[in-house]
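Colleague: Got a minute to take me through your model? I'd like to know what stands behind each label you use.

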Amino acid sequence: MASTSSFLILALFALVSLQAIASDPSPLQDFCVADKNSPVLVNGFVCKNPMHVNEDEDDFFKAANLDKPRVTNKVRSNVTLINVMQIAGLNTLGISIARIDYAPLGQNPPHTHPRATEILTVLEGTLYVGFLTSNPENKFLSKVLNKGDVFVFPIGLIHFQFNPNPYKPAVAISVLSSGRTTTTKSNLG
Ligand SMILES: *[C@@H]1O[C@H](CO)[C@@H](O)[C@H](O)[C@H]1NC(C)=O
């Protein structure tokens, strides 16, 4: 039992120390609304002709219903992420937003965003959150957050959120410093 958990902790530390960290590159123009249908492969997405972009659905706007509760999955949470895949204008801008729903005892399990710092605020309920610092400190920082509280998960560090309340759901909004916190490997994939 003890050896299993120390193995798991070691594996986690190994993961933390191996990961690459990099920010989204800064834009060289006003915007570069992603043309997701282009066959051209570049680092990111190629830009739509700026004359053909508008304020309607998917360039700079999305009727995302982020005010509405979500059905939760098998770990009793649901991350509704609005990044470049939902709003093409987020391409190159280095920012995205998510609504996270947590059922009672739900969790957003440990994960990292190699290119994004995350700032989270609790809209409803209570969350127990934390992150692990990298080598050599390997410190665990955690906190119970109440409605209105704000917490920061630094770029690249493994972090999680858990709703410790067995009766009430929780809701959070997170903003991330990358437009592509989940990535497709290429423009075509
Ligand atoms: C998350 O919520 C969305 C919107 O309500 C829903 O379509 C999706 O199926 C949910 N995901 C899971 C894993 O339940």
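Colleague: Before anything else, how many aromatic pairs does the count come to?

Modeller: Five aromatic pairs, going by rings of Phe, Tyr and Trp (its six-membered ring) whose centres lie within 6.5 Å. Bear in mind that this is a predicted model, where local features need pLDDT of at least 70, side-chain atom pairs count only at pLDDT 80 or more, and totals for chains, interfaces and linings use all residues. Residues are numbered from 1 along each chain as its sequence is written, and side-chain values use heavy atoms, with hydrogens and water left out.

Colleague: Why is the pair of F131 and F151 called tilted?

Modeller: Planes under 30 degrees apart count as stacked, over 60 as edge-to-face and the rest as tilted. The planes of F131 and F151 are at 55 degrees, with ring centres 6.1 Å apart, so the pair is tilted. It also links distant parts of the chain: F131 sits in strand β5 (residues 126–132) and F151 in strand β7, 20 residues apart.

Colleague: What makes those strands, and what makes two of them a pair?

Modeller: Strands are DSSP runs of E with at least two residues, helices are runs of H or I with at least four, and both are numbered from the N terminus. Two strands pair if DSSP finds at least two bridges between them. β5 and β6 run antiparallel and are joined by seven bridges, so by the rule of at least two bridges they pair. In β6, F140 is the bridge partner of L132.

Colleague: Which sheet do β5 and β6 belong to?

Modeller: An open sheet of four strands, in the order β3-β8-β5-β6, with antiparallel pairing.

Colleague: Why are β3 and β6 said to stand at the edges?

Modeller: β3 (107–111) and β6 (140–146) each have a single partner strand, so one side of each is left without a neighbour in the sheet. The loop between β5 and β6 holds P136, which a cis peptide bond joins to N135, with omega about 0 degrees.

Colleague: And where does β7 go?

Modeller: Into an open, antiparallel sheet of five strands, ordered β1-β2-β9-β4-β7. β1 (77–82) and β7 (150–153) are its edge strands, each pairing on one side only. Four bridges join β7 to strand β4 (residues 118–124), and I119 stands opposite V152 in β7.

Colleague: Now the ligand: how do you know which residues surround it?

Modeller: A residue is near a molecule if one of its heavy atoms lies within 4 Å of it. R70, V71, T72, N73 and N78 surround the ligand.

Colleague: What makes the N78 pair a polar contact?

Modeller: The label needs a pair of N or O atoms within 3.5 Å. An N or O atom in the side chain of N78 is 2.2 Å from an oxygen atom of the ligand, so that pair falls within 3.5 Å. For V71, a backbone N or O atom lies 3.5 Å from a ligand oxygen atom.

Colleague: Anything odd in the backbone?

Modeller: N65, in the loop between α1 (2–18) and β1, has phi near 55 degrees, a positive value in a residue other than glycine.

Definitions and conventions. Polar contact = N/O pair within 3.5 Å; in protein donor to acceptor, adjacent residues only side chain to side chain.
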